[in-house]
Amino acid sequence: MNLSLDGKVAIVTGAGQGLGETIARTLATAGAHVVVDDLNPDRAERVAKKILSAGGQAIAVAADVSSKFQCVKLVEAARIEWGRLDILVNNAGIEPVSPILKLDEWDWDRCIDVNLKGTFLMSQLCGRVMAEENQERGGIIVNISSIAGVESPLMHRAAYCASKAGIVGFARECAREFAPYGIRVNTIVPGVFETPMTENARQNPEIMARWKREIPLDRLGYPQEIADVVLFLCSPGSSYMTGSTITVDGGKVMR
Ligand code: NAP
C-alpha cells in the first residue's frame with residue numbers, strides 16, 4: 001500500500017504534545033510538509049524543531065482554533081510557506097472536569113468552542129481552499145473525536161462528551177457536502193491513550209484497574225496507534241473512505 005505523502009501540505013491542530021505531536025511527526029516522516037499548530041508557542045516550536053532535525057519539513061504556528069481570526073492565520077501560514085494545502089487534522093481538544101450540577105458556563109462554552117467550533121472553523125476554512133484550489137487532487141480532513149462522544153460517556157465530562165458527539169455529526173455532513181470537491185472527511189474515535197491528557201487519571205490505581213478490566217487488549221493505546229490510522233486516512237490507501245467513523249480503542253466499546 002502506498003502511504004507516501006510526498007509533497008503534500010498538512011495542518012495538525014493541537015500538535016504541541018500527545019496525539020497531535022505523534023500525528024505531526026508521522027505525517028512528516030511520510031513526506032508531508034507540516035504546519036504544527038498549538039495554543040502554546042513553545043510546544044509548537046519544539047515539535048517543529050524535532051521534525052526538522054529528523055530531516056522533515058515543518059513550521060510552528062501558535063493559533064487558538066476557537067478563534068476564526070487565528071484559524072485564518074493558521075491556514076494562511078501553510079499557503080504562504082508552501083503555496084498549497086492538502087490535509088487537515090482536527091486534533092486540538094480540551095477536557096474540563098466537573099459534575100453537571102456544578103459545571104461552569106464558561107467551561108462549557110470553552111470546551112464546545114475549542115473542540116467543536118474549532119473543528120467547524122478549520123474544516124470550513126480549509127475546505128474553501130481545497131475546493132477552490134485543489135480541483136484535480138481534492139483534500140483530506142481527519143477529525144479526532146472520542147469514545148466519550150459516541151458509546152462511553154466519561155464521568156464528569158459532560159461538555160467534552162457533547163463536543164465529541166458533535167464532531168461525529170458535523171463530520172458526516174461535512175463529508176457529504178465536500179465529496180463533490182474530492183475532499184474526504186473521516187473521524188477517528190480513540191479510546192484511552194497514553195498522553196498528557198490522561199496523565200492524572202493514569203496515576204490513579206482504581207481508574208487504571210477499571211480501564212484494564214474494560215479493555216480486551218488489556219492496555220491503554222500508544223499515540224502511534226492513532227497516528228498510523230491518521231496516516232492511512234490521509235493516504236491513497238483509503239481513497240474510497242469518506243464519512244466514516246473509526247473506533248480505535250483496544251476493543252473497549254465493542255458490542
Ligand atoms: P493533550 O495531551 O492535552 O494535547 C492537546 C494539545 O492541544 C495540547 O498541546 C493543547 O495545548 C492543545 N490545545 C488545546 N486547546 C487548543 C486550542 N484552542 N488551539 C490549539 N491547540 C490547543 O491531548 P491528547 O490526549 O493528545 O488528545 C488529542 C486529541 O485526542 C483531543 O482532541 C482529545 O480530546 C482526543 N482524545 C484523546 C484521548 C486520550 O486518551 N488521550 C482519547 C480520546 C480522544 P495546551 O495544553 O496549551 O492547552
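How do the residues of the shell around the ligand divide into nonpolar, polar and charged? In this predicted model, the shell holds 14 nonpolar, 11 polar and 6 charged residues; Ala, Val, Leu, Ile, Met, Phe, Trp, Tyr, Cys and Pro count as nonpolar, Asp, Glu, Lys and Arg as charged, and the others, Gly among them, as polar.

**View 1. The shell around the ligand.** The ligand has 31 residues around it, each with a heavy atom within 4 Å. Asp-38, Arg-43, Asn-91, Tyr-160 and Thr-195 come nearest. At least two shell residues are supplied by each of α1 (18-29), β2 (33-38), α4 (105-133) and α5 (158-178); helices (H or I, at least four residues) and strands (E, at least two) are DSSP runs, numbered from the N terminus.

**View 2. Polar contacts of the ligand.** Ligand oxygen atoms pair with N or O atoms of the protein within 3.5 Å. An N or O atom in the side chain of Lys-164 lies 2.8 Å from a ligand oxygen. Polar backbone atoms of two residues also take part: that of Phe-193 at 2.7 Å and that of Met-197 at 3.4 Å. The protein buries 91% of the 880 Å² that the ligand exposes when taken alone (Shrake-Rupley method, 1.4 Å probe).

**View 3. The largest pocket.** The ligand sits in the largest pocket, with more than half of its atoms within 2 Å of the grid points. The volume of this pocket is about 1100 Å³, taken as the space filled by probe spheres set on the points. A pocket is an open set of points on a 1 Å grid over the protein atoms alone, where a 1.4 Å probe fits, with protein on both sides within 12 Å along at least five of seven lines; lining residues have an atom within 4 Å of a point.

**View 4. The pocket lining.** Among the 49 lining residues, Gly-93, Glu-95, Tyr-160, Thr-195 and Met-197 lie nearest the pocket centre. α7 gives the most to the lining, with 4 residues.

Residues are numbered from 1 along each chain as its sequence is written. Local features need pLDDT of at least 70 and side-chain atom pairs count only at pLDDT 80 or more, while totals for chains, interfaces and linings use all residues; side-chain values use heavy atoms, with hydrogens and water left out.

Notes: Polar contact = N/O pair within 3.5 Å; in protein donor to acceptor, adjacent residues only side chain to side chain.
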